[in-house]
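Let's take a walk through this structure together, with the model open beside you. Please keep the sequence at hand too, as residue numbers will come up along the way.

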Amino acid sequence: MGYQGHQVSKRYSMHTWVTAGFLSLLATLSLAADLPKAVTQADFPPTDPALVLLGRDLFFDPILSGNRNIACATCHHPSLASADGMSLGLGEGAVDLGPNRRVDPSNAPQARIPRNAPALFNLGAYEFGSLFHDGRVEADPHAPFGMRMPEGAALERPVASVLTAQAMMPPTSFDEMAGQDQENPVALAARDKRFGGEGGVWDLLCQRIEAIPAYADRFARLLPPGRKLHFTDVARALAEFETYEFQSINSPFDRYLHGDADALNTQQIAGMQVFYGKGNCASCHSGPFQTDHSFHAIGLPQLGPGKEAGGYADRGRIAVTGDPEDRYRFRTPSLRNVAITGPYGHNGAYADLEGMVRHHLAPIRSLAGYDRSQARLHALPDAPDWQAMEDFDEVLRIAEATEIAPVSLSEDEIAALLAFLGALTDPQARSGRLGAPSSVPSGLPMDRLN
């Protein structure tokens, strides 16, 4: 090649390099416009240290269950990334924790919990306005005390947050904490849907707590003089603990948003571009906590006992709103710490994150070809786990309601996307900020992860 040819080649190479760099810069600038704002402490309400510590004891104490044998922490343990590590848990009547949980032959659970135990990360942030997979506890200015509650669970007093209102519900559930009919006074009250009022679930549990001096004295110091303990006070302490314990805003992605350009590696940045671009993930998983706080039908396979009376279906949000458009819709979960909070979906249909990602890419095909080994379930004799998937018409209804369109990604793009999702993990999320106390004021045994 002569001098002139060499110069032409050099100019061409330089032009190509500049063009590629310019296009890369444009892509980066475009992506930056789509990225959420960095989360700060200002996104959360302040917490009271005394209430946090009181709430921690209550969170781990089986005193809040009808049979005094299960605590909030049993299904939402800090050592299990604020959940239980299973698709569908075993609630009241089982023993042990997480994957080790098993049926107690003397008091066996009647069924699995029908929905996956969700992670609790960042639920105390101001922007969370609805909770539970179907949003049945929701801030609503038109509802009493500004909070819409499930049927029979009308609030008797104002509550500080949606998280406080949510904390009032598990003790009213037979399978979760109350116990089965005839087993104890709390279960009897729950059977009759007497949650509030004298002799209701909440009143009976308050009586228990007031009978324990270590609780009674601490609540007395926190409440106005002479005011009787109300379950909203208990729920507030639980919510204060959860807000503090499960605040999770120090992932590599957080550090990147705060200006640390080296917080993400090359593959994670490529995955971030897929997430906020071609993958269309941010159409639902938007905002600082990667959730639009809305409800979507994504064609998940159905397993377990379901939520329909006398059936095995779970039609999601429609049970709350009555709107046919809400069939099979469930709340968009936050993706913070998603790499360690499986199984995934409202019923934990997918044990691994890649399986859940691939389902989003081809939901109908994934539903039709679902591999049941993806479900992570405890042994429970004669459990009717697959009736919905064996009902062709029900599977067809799930498919027909599916809203998300297929997305085509290469294997490299999927790998990059998974790497980015891993970058949403806060190192402290694996253990919690405080963790479990050494004991609880009731003296009851605590569930521990061996």
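What follows is a tour of a strand sheet, a pocket and the enclosed cavities. Please bear in mind that this is a predicted model.

We can begin with the sheet. Three strands come together in an open sheet, running in the order β3-β4-β5 with antiparallel pairing. At its edges sit β3 (130-131) and β5 (147-148), each of which pairs on one side only. Follow β3 across to β4 (residues 137-139) and you will find the two joined by 2 bridges in the antiparallel sense. To see one of these contacts for yourself, pick S130: its bridge partner in β4 is E138.

Now turn to the second largest pocket, which offers about 1,000 Å³ of space. Its lining has 47 residues, and those closest to the pocket centre are H285, P333, L335, M356 and H360. Which elements give two or more residues to this lining? They are β7 (330-331), α13 (353-361) and α16 (411-422). The biggest contribution comes from α13, with 5 residues. Sorted by class, the pocket lining has 29 nonpolar, 15 polar and 3 charged residues.

Finally, look for spaces that are closed off. The structure has 3 cavities of 30 Å³ or more, and the largest cavity has a volume of about 50 Å³. Around this largest cavity you can pick out F121, E245, F246, Q247, S248, D426, Q428, A429, G432 and R433. By class, the lining of the largest cavity splits into 3 nonpolar, 4 polar and 3 charged residues.

Conventions:
Residues are numbered from 1 along each chain as its sequence is written. This is a predicted model: local features need pLDDT of at least 70, side-chain atom pairs count only at pLDDT 80 or more; totals for chains, interfaces and linings use all residues. Side-chain values use heavy atoms; hydrogens and water are left out. On a 1 Å grid over the protein atoms alone, a cavity is a set of points where a 1.4 Å probe fits but cannot get out, and a pocket is an open set with protein on both sides within 12 Å along at least five of seven lines; lining residues have an atom within 4 Å of a point. Grid points are joined across faces, edges and corners, and a volume is the space filled by probe spheres set on the points. Ala, Val, Leu, Ile, Met, Phe, Trp, Tyr, Cys and Pro count as nonpolar, Asp, Glu, Lys and Arg as charged, and the others, Gly among them, as polar. Two strands pair if DSSP finds at least two bridges between them. Helices (H or I, at least four residues) and strands (E, at least two) are DSSP runs, numbered from the N terminus.
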